[in-house]
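Biologist: Please take a close look at a single part of this structure, the place where the two chains meet, and explain it for a first-year student. A connected account, which then turns to the sheets of the chains, would be welcome.

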There are 2 protein chains.
Amino acid sequence: MGDCSFRDLFRARPLDGVLNLAGYDPTWTPAAPSKSDAKDAVEGALAERLFDAHELLYASKERSVLLVLQGLDCSGKNGTIKHVVISMNPAGVRTASFKVPSEAEREQHFLQRYRERLPEPGQLAVFDRSHYEDVIVPLVHTDLDEDGIRHRIDEINDFERELHDRGTEMVKCLLHISFDEQRDRFLRRLRRDDKRWKFSEADVDTRRQWNEFQASYGMVAGMTSPDHAPWYVIPADHKWYRNWAIANLLIEVLDAMGLAYPQPELDIERLRARLESPN
Amino acid sequence: MGDCSFRDLFRARPLDGVLNLAGYDPTWTPAAPSKSDAKDAVEGALAERLFDAHELLYASKERSVLLVLQGLDCSGKNGTIKHVVISMNPAGVRTASFKVPSEAEREQHFLQRYRERLPEPGQLAVFDRSHYEDVIVPLVHTDLDEDGIRHRIDEINDFERELHDRGTEMVKCLLHISFDEQRDRFLRRLRRDDKRWKFSEADVDTRRQWNEFQASYGMVAGMTSPDHAPWYVIPADHKWYRNWAIANLLIEVLDAMGLAYPQPELDIERLRARLESPN
């Protein structure tokens, strides 16, 4: 890869505050080796590099990372967790999956349930869906008017600024799949006894609003992509590429944090003598 | 392995309510293949079987598993997480590491902080140290009198009965290492720049009470090993064996839960037709 920056490669580039997703090819595979080499790397060399980079985060117990996975049904949020997040030390990983808010959650501030699942110092937290659902969905369903949407967007930007200021690095991935690929993945879910449990009829209803969701994602991402918390558009039609890309992106972000193992002041000679004495 | 039951193999067998740890060899490697085959299995075939068995738990979203890791410093609690727990889908795993309780934690019931970290339905939670510290340590430090200890033991047994009744399978592993092996691991930590952050002088003080801790572990485990939540004594001097043993034990426990993928009632033909219509 040499001088390829994955952050540059995938960074969302809104025009006039709007991200036009139609301009991003979900089948794109830039900078990639062959499919089989990419798969080997995700299970091998990249897994090890990711483990090591994350172990530094975990050891330093100061900063944290929030990986936000957004995308339509079947875009690969869970696949990313199962194939990429799995490489890291579970002691320093926290995952949270956000469904439609419960009655009780609806009565509190919309950001509250996300605040409760943030990474602690030293952790990488994964949000499988996130606070972005609270604007993307109402925008499609027109549950909120323009002022309501804009107000939530402002609150999200404030929230992420706050996270940034306290040392949380955000990696916001928009998993970008095509209409046809989604259909194929739904059909596969229906066919397989061990996948059918993930299927819900509501997912097919959502699919009928494909264009509205693309527009909503683009509008929201366009307004929430500052330098300290940019969106990355991950081409996700090829699972192997999505995994390879996100593993590389995470490694790059962790490396750029410049972390080091804490070196406690220890009187090593004295400790060694104490340890070697027969109790 | 055929008809080897890992639950039988490692099950703690207290005599008159006391577990005599001196009767358990930390270097024992029963039923194991060669070291290199065991290591390959933990990263390969066993990792896959564990992933699959846990995925059923995650999909069924009803029952849960609580893996309790107890053992002295350097006994391999974190190593077990890094090498065995890492095999499972992070979306269905939750880890919690318990240190000396904070001021605020000390003011609430001792079980409270553990209650807050229990597995949700479908999850496997890992406790790196656990509610057992709240009797093992006071027993050594004589912070609680006999009645105080016995009262906490009763509360722990009630707590675990409650967990069992609501469908949480407990896997309580006592990672059993020798005095000499602990010394070697401490010395290795001191030597390595990337391990020294785990070292604390207090650990050496604890080591000086080795026999008291062995007795305390044995007393506590002896009183808290009912059929529905038994202790397993894992020989832990060999890291490769510890990992291999715990992976097998977890697979066996998960398999014995008899879980199946939920099969939602879906009108598959109609859904297929809806999916194949061009929006």
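Modeller: In this predicted model, a good starting point is one pair of charged residues: A:R117 and B:E120 form a salt bridge, and their closest N and O atoms lie 3.8 Å apart. The cut-off for such a pair is 4 Å, so this distance meets the rule. The pair belongs to the interface of chain A and chain B, across which the rule finds ten salt bridges. Polar contacts were also sought across this interface, and 14 residue pairs qualify, with both residues at pLDDT 80 or more.

Which elements of chain A supply at least two residues each of the side that touches chain B? They are the helices α3 (45-60), α4 (77-83), α9 (179-191), α10 (201-207) and α13 (268-276), together with the strand β2 (93-97). The largest share comes from α13(A), with seven residues. Sorted by class, this side of chain A holds 25 nonpolar, seven polar and 17 charged residues.

The extent of the interface can be stated for both chains. Chain A brings 49 residues to the contact, and chain B brings 49 residues as well. Between them the two chains bury about 4700 Å², and 60% of this area is on carbon and sulfur atoms.

The strand β2 of chain A, already named as a supplier of the interface, leads to the sheet of that chain. Five strands of chain A form an open sheet with parallel pairing, in the order β2-β3-β1-β4-β5. Both β2 and β5 (231-235) of chain A stand at the edges with a single partner strand each, so one side of each has no neighbour in the sheet. On average, neighbouring strands here are turned by 20° against each other, direction ignored. Within this sheet, β1 (residues 64-70) and β4 (residues 168-176) of chain A pair in the parallel sense over seven bridges. One residue pair illustrates the arrangement: A:Q70 has A:L174, in β4(A), as its bridge partner.

Chain B can be described in a similar manner. Its open sheet consists of five strands in the order β2-β3-β1-β4-β5, and the pairing is parallel. The edges are taken by β2 (93-97) and β5 (231-235) of chain B; each has a single partner strand, so one side of each is left without a neighbour in the sheet. Neighbouring strands of the chain B sheet are turned by 20° against each other on average, direction ignored. Strand β4 (residues 168-176) of chain B runs parallel to β5(B), and five bridges join the two. Here B:H176 has B:P235, in β5(B), as its bridge partner.

Technical notes: Residues are numbered from 1 along each chain as its sequence is written. Chains are lettered from A and ligands numbered from 1 in the order in which they are written. This is a predicted model: local features need pLDDT of at least 70, side-chain atom pairs count only at pLDDT 80 or more; totals for chains, interfaces and linings use all residues. Side-chain values use heavy atoms; hydrogens and water are left out. Contact means heavy atoms within 4.5 Å. Buried area is the accessible area (1.4 Å probe) that two parts lose on being put together, summed over both. A salt bridge is a side-chain nitrogen of Lys or Arg within 4 Å of a carboxyl oxygen of Asp or Glu. A polar contact is a pair of N or O atoms within 3.5 Å; within protein, one must be able to donate a hydrogen and the other to accept it, and residues adjacent in sequence count only if both atoms are side-chain atoms. Helices (H or I, at least four residues) and strands (E, at least two) are DSSP runs, numbered from the N terminus. Ala, Val, Leu, Ile, Met, Phe, Trp, Tyr, Cys and Pro count as nonpolar, Asp, Glu, Lys and Arg as charged, and the others, Gly among them, as polar. Two strands pair if DSSP finds at least two bridges between them. Axes are lines fitted to C-alpha atoms, for helices over the stretch in contact, and angles run from 0 to 180 degrees between N-to-C directions.
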